[in-house]
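Work through the exercises below with the sequence and the model side by side. Each task is followed by a stepwise solution.

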Amino acid sequence: MLNNTDKSDMTFSQYVASRVGSKFFTVTFVKANGEERTLTGRLGVTKHTVSGKTKDAHNNYLCVYDVNKKGYRNVNLNTIREIECGDFKISCPFGYRQRPMTHEEFSVLSDMETI
């Protein structure tokens, strides 16, 4: 687990990327149409890109390569319900948010025990 000084300058997406790395993980989130979806994917995949870089739509999104659909998906960080990767598991008790996660909410999530 990261300590408070390590995460103090991190965004939620950077924290997730630091914990997940290049491993496969599952994320449950709410799509733009309101439907809940669970995706299995990886971060940092550049194989199917023209420039070798992924397009990050915005700071509030996580660009994930969906291994089942073989394509990139942008996951809205504000609608994530749960992320699981090996022994790292985080559930977002704040539910669906219309706003970016506050630093206090991020601190609570990143301080929770991993399962």
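Read along the sequence, the protein runs α-α-β-β-β-β-β-β-α, where helices (H or I, at least four residues) and strands (E, at least two) are DSSP runs numbered from the N terminus. The model is predicted, so local features need pLDDT of at least 70 and side-chain atom pairs count only at pLDDT 80 or more, while totals for chains, interfaces and linings use all residues. Residues are numbered from 1 along each chain as its sequence is written, and side-chain values use heavy atoms, with hydrogens and water left out.

**Exercise 1. Describe the protein as a whole.**

Step 1. Count the elements: there are three helices and six strands.

Step 2. Take the burial: 36% of the 115 residues count as buried, that is, under 20% relative accessible area with a 1.4 Å probe and protein chains only; exposed is over 50%, and partly exposed lies in between.

Step 3. Take the contacts (heavy atoms within 4.5 Å). Of those with a separation of 6 or more, 44% come from residues 24 or more positions apart.

**Exercise 2. Work out how β5 and β6 are arranged.**

Step 1. Strands pair if DSSP finds at least two bridges between them; β5 and β6 have four, in the antiparallel sense.

Step 2. Locate one bridge: C85 is partnered by F88 in β6.

Step 3. Inspect the turn. The two strands form a hairpin with two residues between them, and G86 in the turn has a positive phi of about 60 degrees.

Step 4. Follow the side chains of β6 (residues 88-91): F88 and I90 point to one face and are buried, whereas K89 and S91 point to the other face and are not.

**Exercise 3. Find the salt bridges and say how accessible their residues are.**

Step 1. Apply the criterion: a side-chain nitrogen of Lys or Arg within 4 Å of a carboxyl oxygen of Asp or Glu. The structure holds four such pairs, and three of them follow.

Step 2. K89 pairs with E82, with the closest N and O atoms 3.6 Å apart. K89 is partly exposed at 26% relative accessible area, and E82 is partly exposed at 25%.

Step 3. R81 pairs with E36 at 3.4 Å between the closest N and O atoms. This pair links distant parts of the chain, with R81 in β5 (residues 80-85) and E36 in β2 (residues 36-42), 45 residues apart. R81 is partly exposed at 30%.

Step 4. K31 and E35 meet at 3.9 Å, N to O. K31 is partly exposed at 28% relative accessibility, and E35 is partly exposed at 42%.
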